Amino acid sequence: MKLLELDIPVEYRWLYERTDDGIVKYPDPVLRKRARPVSRMTPDLHALIEHMLTTMRRAQGIGLAAPQVGVLLRVIIIEAPEQPVRVVINPQILERSSEQVIGMEGCLSLPGLYGDVKRPEAILLRGLNKHGKPIQLQLKGIEARIAQHEIDHLDGILFTDRVIPETLHWDVPDEGEQDEL
Ligand code: CO
């Protein structure tokens, strides 16, 4: 997989330098590391999940992976508009639909950058919920897209690695319909 080297336009650089939102930004090396599985439920893990939820919502994100708050554990959150919040620990994709769809993505760790990514339209996801109970989720549409984007984060993969190159573009965050994952 060819990794994109980003040239951040000068007017977007402050977004990459800010630390007050608690989100790790490109090119921090933590975003390229593989996160390790959660082996047991602890108070620290519950605190991490609460911290991730707060951080994601404050940033108006619709998904977040633990490495984006600097923690290399396999924990993701999916919170699509009008859908319940889904916390998935040690997520694993069991099945992918053969149908693939193209959709625009952004990322809280790559603020201001957007592009189209082709991914399976639906997935069957397995993992643990925030109480440590095994769950299976059949996800489609935006929720399936968010889950795949967040699981990529757990493997050190960014959407820019999968983007259709000619669609990659800069735009001001929080304007228009765009949401970051
Ligand atoms: Co992201």
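User: Which residues are linked in a network of salt bridges?

Analyst: In this predicted model, the network is made up of E105, R119, R145, D152 and R162. The links are called salt bridges because in each a side-chain nitrogen of Lys or Arg lies within 4 Å of a carboxyl oxygen of Asp or Glu. By this rule, the count comes to 12 salt bridges.

User: What makes D20 and R18 a salt bridge?

Analyst: The closest N and O atoms of D20 and R18 are 2.9 Å apart. The cut-off is 4 Å, so the pair qualifies. R18 also forms a salt bridge with D21, where the closest N and O atoms are 3.9 Å apart; this value too is within 4 Å, and the pair is therefore counted.

User: How are D20, R18 and D21 classed, as buried, partly exposed or exposed, and why?

Analyst: D20 has a relative accessible area of 57%, and because exposed means over 50%, D20 is called exposed. R18, at 28%, is partly exposed, since its value falls between the 20% and 50% limits. D21 has a relative accessibility of 11%; this is under 20%, so D21 counts as buried.

User: Why is the contact of R57 with E79 called a salt bridge, and which parts of the chain does the pair link?

Analyst: The closest N and O atoms of R57 and E79 are 2.9 Å apart, which is within the 4 Å limit, and the pair is therefore a salt bridge. It links distant parts of the chain: R57 is in helix 2 (residues 43–58), while E79 is in the loop between strand 2 (75–78) and strand 3, with their positions 22 residues apart in sequence. R57 has a relative accessible area of 44%, so it is partly exposed rather than exposed, the latter term requiring over 50%.

User: How do you know whether T55 is buried or exposed?

Analyst: T55, which lies in helix 2, has a relative accessibility of 1%. Buried means under 20%, so T55 is buried. Leaving aside neighbours within four places in sequence, T55 is in contact with D21, G22, I23, L64 and V69.

User: What lies 2.7 Å from a polar atom of the side chain of T55?

Analyst: The backbone oxygen of H51 lies at that distance of 2.7 Å from the T55 side-chain atom. The limit for a polar contact is 3.5 Å, and the value is therefore within it.

User: Is H149 buried or exposed, and why?

Analyst: H149 is in helix 3 and has a relative accessibility of 2%. This value is under 20%, so H149 counts as buried. Beyond its neighbours within four places in sequence, H149 is in contact with E105, G106, C107, R119, F159 and L181. Among these contacts, E105 and R119 also belong to the network of salt bridges.

User: Which residues line the second largest pocket, and what is its volume?

Analyst: The volume is about 150 Å³. The lining consists of I93, R96, K118, R119, P120, Q148, I151, D152, D155 and R162. Strand 3 (86–96), strand 5 (113–120) and helix 3 (141–154) each give two or more residues to this lining. By class, the lining has three nonpolar, one polar and six charged residues. R119, D152 and R162 of the lining are also members of the salt-bridge network.

User: What is notable about the phi values of E82 and N90, and why?

Analyst: Most residues other than glycine have a negative phi, so a positive one stands out. Phi of E82 is near 65 degrees, and N90 has a positive phi of about 50 degrees although it is not a glycine. E82 is placed in the loop between strand 2 and strand 3, whereas N90 is in strand 3. E82 is called exposed because its relative accessible area is 81%, which is over 50%.

User: What kind of peptide bond joins Y26 and P27?

Analyst: Y26 and P27 are joined by a cis peptide bond, with omega about 5 degrees. Most peptide bonds are trans. P27 lies in the loop between helix 1 (13–17) and helix 2.

User: Why is P134 classed as it is, buried or exposed?

Analyst: P134 lies in strand 7 (residues 134–140) and has a relative accessible area of 63%. The limit for exposed is over 50%, so P134 is exposed. Apart from neighbours within four places in sequence, P134 is in contact with G127 and L128. P134 and V88 are 46 residues apart in sequence, with a C-alpha to C-alpha distance of 9.4 Å.

Note on methods: Residues are numbered from 1 along each chain as its sequence is written. This is a predicted model: local features need pLDDT of at least 70, side-chain atom pairs count only at pLDDT 80 or more; totals for chains, interfaces and linings use all residues. Side-chain values use heavy atoms; hydrogens and water are left out. On a 1 Å grid over the protein atoms alone, a cavity is a set of points where a 1.4 Å probe fits but cannot get out, and a pocket is an open set with protein on both sides within 12 Å along at least five of seven lines; lining residues have an atom within 4 Å of a point. Grid points are joined across faces, edges and corners, and a volume is the space filled by probe spheres set on the points. Helices (H or I, at least four residues) and strands (E, at least two) are DSSP runs, numbered from the N terminus. Ala, Val, Leu, Ile, Met, Phe, Trp, Tyr, Cys and Pro count as nonpolar, Asp, Glu, Lys and Arg as charged, and the others, Gly among them, as polar. Buried means under 20% relative accessible area, exposed over 50%, partly exposed in between (1.4 Å probe, protein chains only). A polar contact is a pair of N or O atoms within 3.5 Å; within protein, one must be able to donate a hydrogen and the other to accept it, and residues adjacent in sequence count only if both atoms are side-chain atoms. Contact means heavy atoms within 4.5 Å.
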